[in-house]
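Biologist: I have a list of labels that I'd like you to justify for me. Let's take them one at a time.

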Amino acid sequence: MHGTTLDKHSARRSSGNNDATRSAKGTGIIAGIAFVKKRGGPQGYERFLQRLTQQERTILEGLITPMMQFDEALLQHMVHAIVDEFLDGNPERSAELGRFIIEDGLSSMYRMFRKMGDPTKTIAGAGRIWQLYHSVGSLQVYDLEPKSARIRLTYPYLDLPFCRMTAGMFIASLEQSSAQTVRIAHEKCVAKGDRYCQYHLTWK
Ligand SMILES: [Zn+2]
């Protein structure tokens, strides 16, 4: 019986993208905690924790490794708490969190992109970056040209703060790979009532 259960679990994991409840990888949780500690220090981290539920605080006090899986709702709640505690309650400013995640260079993947110095290649790899953080949703890059690209983001927990955080990640990734004057247009956005977010990125 145990074998059957394990098989079911591994089948679900390998097919990916079905279990929306425990699919946020530790990478994103670790990055969020690092942002809070950098912005707020130990006292700010305490205030941040007070915005979470007791159950969520207990999880954050436990062991968190990059590939462990957590509730997407925890990640969403952390982003909201960060906006409320450190970004004046302004969801547009969650772009700063996205920038931090890239610029802090938490993973060797980013250092690799930085070395490549090629914005087009960097943005072409955005879908793989998504998979570092989530096992639900998808990030599709298309209309890829030397100085522009479109990206479509679908995600069950997509909301305005999450959209702007992700946009900040795109902009920082491009800048890290030597793009200049990066602009982003929100052609479709959950904040405008669309079911997904579609970004048009241009740079020089
Ligand atoms: Zn959006």
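Biologist: Where does D88 sit?

Modeller: D88 is in the loop between α4 and α5 (94–103). Helices here are DSSP runs of H or I with at least four residues, strands are E runs of at least two, and both are numbered from the N terminus. One caution before we go on: this is a predicted model, where local features need pLDDT of at least 70 and side-chain atom pairs count only at pLDDT 80 or more, while totals for chains, interfaces and linings use all residues. Residue numbers start from 1 along each chain as its sequence is written.

Biologist: Why is D88 put in the class it has, buried or exposed?

Modeller: Count the C-beta atoms, placed from the backbone, within 10 Å of its own: 20 or more others make a residue buried, 12 or fewer exposed, and anything in between partly exposed. D88 has 10 such neighbours, so it goes down as exposed. D88 also has a positive phi of about 60°, although it isn't a glycine.

Biologist: And what is T181's phi, and where is T181 found?

Modeller: T181 is another non-glycine with a positive phi, about 50°. T181 belongs to the loop between α9 and β5, and with 10 other C-beta atoms within 10 Å it is exposed.

Biologist: What makes E46 buried or exposed?

Modeller: E46 has 11 C-beta neighbours inside 10 Å, so the label is exposed. E46 is part of helix α2. From E46 to V36 you go 10 residues in sequence and 9.6 Å in space, C-alpha to C-alpha. Over the whole chain, 33% of the 204 residues are buried.

Biologist: Now the helices. What is the angle between α4 and α9 called, and why?

Modeller: The axes of α4 (residues 72–86) and α9 (residues 160–176) come within 10 Å and cross at roughly 85°. Axes are lines fitted to C-alpha atoms, for helices over the stretch in contact, and angles run from 0 to 180 degrees between N-to-C directions. Under 35 degrees is roughly parallel, over 145 roughly antiparallel, 65 to 115 roughly perpendicular, and the rest oblique. That makes α4 roughly perpendicular to α9.

Biologist: Which residues make that contact?

Modeller: Q76, V79, H80 and V83 come from α4, and P161, F162 and M165 from α9. To be in contact, two residues need C-beta atoms, placed from the backbone, within 7 Å. By class, the contact has 5 nonpolar residues, 2 polar and no charged. Nonpolar means Ala, Val, Leu, Ile, Met, Phe, Trp, Tyr, Cys and Pro; charged means Asp, Glu, Lys and Arg; the others, Gly among them, are polar.

Biologist: What about α2 and α4: what is their angle called?

Modeller: The axes of α2 (residues 26–50) and α4 come within 11 Å and cross at roughly 40°. That value makes α2 oblique to α4. The residues of this contact include G32, F35, V36 and R39 of α2 and M78, I82 and E85 of α4. In total it has 9 nonpolar, 4 polar and 3 charged residues.

Biologist: On to the sheet. Which strands are its edges, and why?

Modeller: The order is β3-β4-β6-β5, an open sheet of 4 strands with antiparallel pairing. Two strands pair if DSSP finds at least two bridges between them. β3 (138–145) and β5 (183–188) each have a single partner strand, so one side of each is left without a neighbour in the sheet, and those are the edges. The twist averages 20° from one strand to the next.

Biologist: How many bridges back up each pairing?

Modeller: There are 6 for β3 with β4, 6 for β4 with β6 and 5 for β5 with β6. I151 of β4 stands opposite V141 and has Y199 as its bridge partner in β6. β3 and β4 form a hairpin, with 2 residues between them.

Biologist: Which β4 side chains point to the buried face?

Modeller: A149, I151 and L153 do, whereas S148, R150, R152 and T154 point to the other face and are not buried. In a regular strand the side chains alternate between the two faces of the sheet.
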